[in-house]
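Trainee: I would like to learn how to read a protein model, one feature at a time. Could you walk me through this one?

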Amino acid sequence: LAAVALFAAPQVGLAQQAGDVEVYRADRSGDADDPLYRAAYHGRLDEVVRLVEAGANPSRISQGDGTALMAAARGGHLDVLPALLDAGADPNTLVAGDGTALIAAARHGRDAMVAALLEAGADPDLSVEGDGAALITAAHWNRVSIVDQLLAAGADVNLAVPRDGNPLISAALAGHADMAQRLLDAGADPNGYVYRDAPPLITAA
């Protein structure tokens, strides 16, 4: 993976290295009430534009929630996405406990948002322990069209994340046989083993 630029939030926190990716770990004792996050989450474009024009930091990380871009991704608010990107939001910000905007969109089944984030340069293989990666998440929630999008974008079908498994383990754990077959057809290793996770056949048993 290429190194990921991370815009530090104005709150106190700690950035740690995971390989060549900087992972932000927020200070959980602060105030998480962020007007820009709320506006993005609810799809209030006019308010988002007003806030960023007034100087709101689009890369601010709210504790337990992540960034405004993650909020827009969760809600599937496509109209909010360009406003945040134009203001400097990074689609590859990786937050421990929240993942990335792409992981959030995959989890919530936001097909169009996944496509838009990939177009904006989101890395489908960014991962962090506890949040997995976009393909792992999509496989777990049986998001067929999103899995297809991610694979077409070059996502690693055998990407392994400790404690989160890989896409095939994730599908097997959730009991999605058709999804497992889809991943096998795409080249997933049926004998793939991830530290602290069982292989797919044991997981499915």
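Mentor: Gladly! Keep in mind that this is a predicted model. Let's begin with the overall layout.

Trainee: How many helices and strands does the protein chain have?

Mentor: There are eleven helices and two strands. Reading from the N terminus, the order is β-β-α-α-α-α-α-α-α-α-α-α-α. The chain has 205 residues, and 47% of them are buried. Among contacts with a separation of 6 or more, 67% join residues 24 or more positions apart.

Trainee: Which residues of helix H10 are buried?

Mentor: Start with the general idea: an α-helix has 3.6 residues a turn, so residues three or four places apart point the same way. In H10, which covers residues 177-185, the buried residues are Met179, Ala180 and Leu183. Looking down the axis of H10, they fall within an arc of 100°, so they line one face of the helix. The face turned away from that buried side carries the exposed residues Ala177, Asp178 and Asp185.

Trainee: What do the buried residues of H10 pack against?

Mentor: Their partners are three helices: H7 (134-140), H8 (144-152) and H9 (167-173). Just to finish with this element, H10 is followed by Gly187, which has a positive phi, near 110°.

Trainee: Which residues other than glycine have a positive phi?

Mentor: Two to look at are Asn142, with phi near 60°, and Arg163, with phi near 75°. Asn142 is in the loop between H7 and H8, and at 34% relative accessibility it counts as partly exposed. Arg163 sits in the loop between H8 and H9 and is exposed, at 52% relative accessible area.

Trainee: Now the aromatic rings. How many aromatic pairs does a search of the whole structure find?

Mentor: In general, a pair of aromatic rings is described by the distance of the centres and the angle of the planes. Here the search finds one pair. Its members are Tyr37 and Tyr41, which are stacked, with 6.3 Å centre to centre and 10° between the planes. Both belong to helix H1 (residues 35-41), and being four residues apart they are separated by about one helical turn.

Trainee: Is Tyr37 buried or exposed?

Mentor: Tyr37 is buried, with a relative accessible area of 10%, while Tyr41 is partly exposed at 40%.

Trainee: Which residues of the largest nonpolar core touch the most other members?

Mentor: As background, nonpolar side chains tend to be buried together in soluble globular proteins. The largest nonpolar core here has 46 residues, and those touching the most other members are Ala40, Val48, Leu84, Leu102, Leu117, Leu150 and Leu183. You met Leu183 earlier, among the buried residues of H10. For a closer look, take Val48: setting aside neighbours within four places in sequence, Val48 contacts Leu36, Ala39, Ala40, Val80, Ala83 and Leu84.

Trainee: And open space? What volume does the largest pocket have?

Mentor: The general idea is that rolling a probe the size of a water molecule over the atoms shows where empty space is left. The largest pocket has a volume of about 350 Å³. It is lined by 22 residues, and the closest to its centre are Arg107, Gly130, Asp131, Thr137 and Asp164.

Trainee: Which elements give two or more residues to that lining?

Mentor: Those are helix H5 (101-107), H7 and H9. H7 and H9 should sound familiar, as the buried residues of H10 pack against them too.

Methods
Residues numbered from 1 in each chain as written. Predicted model: local features only at pLDDT ≥ 70, side-chain atom pairs only at ≥ 80, totals over all residues. Heavy atoms only, no water. Buried < 20%, exposed > 50% of the residue type's maximum accessible area, 1.4 Å probe, protein only. Arc of directions from axis to C-beta. Contact = heavy atoms within 4.5 Å. Phe/Tyr/Trp six-rings, centres within 6.5 Å; stacked < 30°, edge-to-face > 60°. Core = buried A, V, L, I, M, F, W, Y, C linked by side-chain atoms within 4.5 Å. 1 Å grid on protein atoms, 1.4 Å probe; cavity = no way out; pocket = protein on both sides within 12 Å on 5 of 7 lines; lining within 4 Å. Points joined across faces, edges and corners; volume = space filled by probe spheres on them.
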